[in-house]
Each structure stands twice: as structure tokens, then as C-alpha cells.
Amino acid sequence: MSTAMIVTTLASIILAALLALLMIPVLVWLERRVCGLIQDRLGPNRTNILGFRLGGVVQSFADVIKLVVKEEYYPRHLAKNRTLFILAPMITFASALLAFMVIPFADDLVIGAERMRIQALPVDTGILWYLAIGSVGVIGMVLGGWLSHNKYSLLGSLRGANQMISYELALGLGVVSMILTYNTLDFNAMVAWQSGTVLGILPAWGVLVQPLAALVVIVALFVETNRAPFSVAEGESEIVAGFMTEYTAMKFAMYFMGEYVAMNAASAVIVTMFFGGYQLPWLSTTALTEHFAPVAWAIVLLLPVGVAFFIRWMRKNNTVRPTVSTDGGRRFETRVLTVALVVMTLLIDGILIYVATLPPESPGTRIAVVLLQIAVFVAKLMAFNIFFIIIRWTLPRFRYDQVQWLGWRTLLPLALVNIFITALVVVGVAS
């Protein structure tokens, strides 16, 4: 194995870990800010480190410290099963984290005769890995509810297990439709398939080619992540907190963080299967590499404009009420962040100008293409995470019977009809 291969593999693993773990405080912050926006109130905006609030992100790190130092509580009846009680949330968290590892963040990096995958776990059966490992998370829910010896916890874990079984069928059939369409189990190959066009105009994204399968899979993934309006396994208004009722401190945090990692993984799967993954619309990796210079110049021109608008918005909104005697260091924070953003923009533009002068086949251009694709993937990922959050704070929680009715009486028949139609179309095109 060459040095370039080792560096690329380590970089892919680190990138996957950062996107999975560092995204947790960002998603918690987004959850609160979007919730506040929808409910016409402010989200977290006071907690700071040396005057830096970063729009409220610091509050998420304060929550981590609170959970780490909080007292650990164990019910008295756990004298014999404490190890399993502690292990349960770890199973749920690890399952979501490992499911995320098969997502490709960019196309293969080709340098010389070597082809390196930008994927933490470079397997050719990524969708099967996600379905298998992602389903293990329910074991943590069941163990947590059963070992708690609490009727509310047990009821929540049973709800979670039944919900998982109900929607796994629809999810699996929806995925089979996409496998028939793409003729592959590899996430990277699915993204490459979507680099074409439909009717010569629209990008060949899965959501346009298979809209019914997209609907089935997206709804099923909402249920798989136990997010509202399908959060009947927690159901605070009915069963206190469901399977998490007896969990405190970091044991609770593992369940809490596992939900956000699972949401992040589900968003990544949706982006990869239905929205072109890391690809820009109408630009395959080959086309982007050959025409990277004009794309780079476009970014050079547009990036300062976007940063200028953001700085103007920040200066307008990073303030306090006129009646408050002090701004609590917000002007200083705004000045520092403005300088940091300007320096970052100049640095990125300088790098892009240099890369634009390189030939398309050079390693510098290929690395720049990979970095741009990673940025595109992260932008799409954040958009779908925000979509998950908006849905949670827009729709009320469904009743348990409504959740089961939707899974068995609506999604499952739709998935069966769709896979039948897909099979007919695939056979017809092949013949």
C-alpha cells in the first residue's frame, strides 16, 4: 500500500468521524434555533467562551459538560444487569455511527495508476451494510426498556421494536427498487449513475427517476431514526420518556447523541440515493475535472459575495436590545469573526486561482475536485438535516395506531406496487 493510499484512507476515516461526531453539537444547535424560529422566539444565544457565542453553538458544548459531570443514577434492581444496562445506549450509538461510515463523500481520487476511495469503509455493498448495521440500534432500545423494569420503559422499547419491524419492510422494498434501477449495491456507483440527465434537461437524480420509491424510503427513514412525528417510542406525553426513562447523565447522552447520528446517517443515505450525492447537477466527475477552471473562477467570484452578505447579516443580528447597557462583547466577536471570514475567503480564492491554472490531469486539480465534491455533499447533508428538524417542529406526534396504519396499510402497498412497476420497466428497457 502506497503512502498516498494510506493518507487518503486515514483522511477518509477522520472526515467520516468528524462529520458524524462534530455534527452532533451543530445539529443540537440547529434543532433549537429552527425550533425557536418556527415558534417565533429566540433559541440559545447567551452561553459564551470569552465572549464568543458563535450564534449559540457554544450552548451545545455546555450541555456536553453538564451531562459528563451529572450524577450517574442506577435503579436498585440493577445489581446483576448493570453491565447490559450501560451497554444498551452504546449499542444504539455505535450502530448509528457505523452505519454512517459507508457513505462516500466524493468520487474516487485517481493519482497515477492508483484509485483511492473517499469512504471510511470502502465496501461495494454499502446499502446492505447500512440496512444491516442500522437495524442493530433497536437492540439497544429493547435492552434499555427491558432492563429498566419500568412499565413505561418496556412499553417504549416494544413500540420501538414494532415500529422498526413495520417500516423495515417498506424501507427494504423501496431500496430494492433503487437497486433494480441502478443495478448496483455500491453507493459510489449509485452516485455515478445520477450524474447523467433525464429527458436531456433534468439531472438524473433518484428522486426524479423514482419519486414513489423516494417517498417510501424517506418516510421509512424518518421512522427508523425515531424522529417526530414518529417518536412514539419516547412519547413524553404518554409514557414519560419511553425506553430512556431510567437513564441519566452520559447514559442518556448516548441515546440522545445516537438519535442525531442516526438522523445524520439517514440524511446522508437520502442524499446519496436520491439527490446526486456529492455530484453537482449536470456535472459528472470527469466533466468537472476537465472543466474545473471555469467552475473555480465562478466560485472565486461568488464566494466573496456570499461572505459579504453573511457578514452584513451578522453585524445586523449579533446585537442586543437598545435598552441593554452593554453588548456583552458582541461587537468584538463580530469584528473577530469578520476578519476570520475575510482571511478564509482570500485563502480559498487564492488556492482556487492557483488550481485554475493547472492542467486538468494534474494531481492538484483532482484533489481540488474531491474537496469541492466533499463541500457539495456537506451542503446537501446540512439541507436534509434541516429538513428533518423542520418536520419535527411542524407536525404533531402521530398516535401509535396511526404510525402502524401508515406503515402496513399505506407504505408497504406503495412499495410493492413500485417494485412491480420498476421490474417491468427494467425488463422492458433491457429487452
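Helices (H or I, at least four residues) and strands (E, at least two) are DSSP runs, numbered from the N terminus.

**Ground rules.** I noted that this is a predicted model, where local features need pLDDT of at least 70, side-chain atom pairs count only at pLDDT 80 or more, and totals for chains, interfaces and linings use all residues. Residues are numbered from 1 along each chain as its sequence is written, and side-chain values use heavy atoms, with hydrogens and water left out.

**Confidence.** I looked up pLDDT, the predictor's confidence in each residue, from 0 to 100. The protein averages 87, and 98% of the residues score at least 70. Helix 11 (residues 236-239) has the lowest mean pLDDT among the elements, 74, and helix 8 (residues 187-193) has the highest, 93. Where pLDDT is low, the predicted coordinates should not be read in detail.

**Helix 1.** I found isoleucine 6 in helix 1 (residues 3-21). Is isoleucine 6 buried or exposed? Its relative accessible area is 39%, so I wrote down partly exposed; buried means under 20%, exposed over 50%, and partly exposed in between (1.4 Å probe, protein chains only).

**Helix 3.** I checked the length of helix 3 (residues 58-69), which has 12 residues. The expected span is 1.5 Å times one less than the number of residues. That gives 16 Å for helix 3, and its end C-alpha atoms are 17 Å apart, which agrees. Val58, Gln59, Ser60, Asp63 and Leu67 are buried there. I see these buried residues of helix 3 packing against helix 2 (23-38) and helix 12 (249-274), where contact means heavy atoms within 4.5 Å.

**Helix 15.** I did the same for helix 15 (residues 330-356), whose 27 residues reach 38 Å from first C-alpha to last, close to the expected 39 Å. Its buried residues pack against helix 14 (292-317) and helix 16 (363-392). Which residues does threonine 345 of helix 15 touch? Leaving aside neighbours within four places in sequence, I list Leu303, Pro304 and Val307. Threonine 345 counts as buried because its relative accessibility is 6%.

**Positive phi.** I looked up two residues in loops. Leucine 54 has a positive phi of about 55° although it is not a glycine. Leucine 54 lies in the loop between helix 2 and helix 3 and is partly exposed, at 43%. Asparagine 183, also not a glycine, has a positive phi near 60°. I place asparagine 183 in the loop between helix 7 (151-182) and helix 8, and at 68% relative accessibility it counts as exposed.
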